[in-house]
Amino acid sequence: MFQVKAVRRDIKVTSLSFFSGSVNTDLVEVYTIPGEYIDHELSQDGWELVFSGNIGMLGRNTLTTIGTLDTAVQIPLDGIQSFFITVANNNVMYQKGTSEGSMFATDGTLQFYQGIGLTSKFTGT
């Protein structure tokens, strides 16, 4: 799970990319919720499924692009939006961060914050 913030203008998220642990085809689901994901990690309540489909994943060295989300995600200026990419067999790669919630990167329009890695989907529901 991770969150982003629109800092220059409204943003429309239409696709996402990630690295996978292996080259294969698996079910990928993308969930989103307005605001921070904190206190929403274990419950599906409030999360919206914006993509579900089988994706050919390209492994550790090549970005896998999900393609067009089933539902585009609008983020207003100064708005925070959280995302959760889940793949069958926990096949999403992530880089260990330094501090959950700290900014990882920005391009001046969008800020990307360090999140958490989960091994299962909404285990509290």
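Across the chain of this predicted model, the mean pLDDT (the predictor's confidence in each residue, from 0 to 100) is 89, and 97% of residues reach 70 or more. Among the elements of the chain, strand S7 (residues 73-75) has the highest mean pLDDT, 98, and S9 the lowest, 89. Residues are numbered from 1 along each chain as its sequence is written. Local features need pLDDT of at least 70 and side-chain atom pairs count only at pLDDT 80 or more, while totals for chains, interfaces and linings use all residues; side-chain values use heavy atoms, with hydrogens and water left out.

A good place to begin is the sheet. Strands here are DSSP runs of E with at least two residues, numbered from the N terminus, and two of them pair if DSSP finds at least two bridges between them. An open, antiparallel sheet is formed by 6 strands in the order S5-S4-S8-S1-S10-S9. Strand S5 (48-58) and strand S9 (103-106) are its edges, each pairing on one side only. From one strand to the next, the twist averages 25° (axes are lines fitted to C-alpha atoms, with angles from 0 to 180 degrees between N-to-C directions). At the S9 edge, 3 bridges join this strand to the antiparallel strand S10 (residues 110-113); Met 103 has Tyr 113 of S10 as its bridge partner.

Ser 20 offers a closer view of a loop, the one between strand S3 (17-18) and strand S4 (23-34). Ser 20 counts as buried (under 20% relative accessible area, 1.4 Å probe, protein chains only) because its relative accessibility is 0%. Its side chain makes polar contacts (pairs of N or O atoms within 3.5 Å, one able to donate a hydrogen and the other to accept it; residues adjacent in sequence count only if both atoms are side-chain atoms) with the backbone oxygen of Ser 22 at 2.9 Å and with the backbone nitrogen of Gly 59 at 2.9 Å.

Conventions. Helices (H or I, at least four residues) and strands (E, at least two) are DSSP runs, numbered from the N terminus. Buried means under 20% relative accessible area, exposed over 50%, partly exposed in between (1.4 Å probe, protein chains only).
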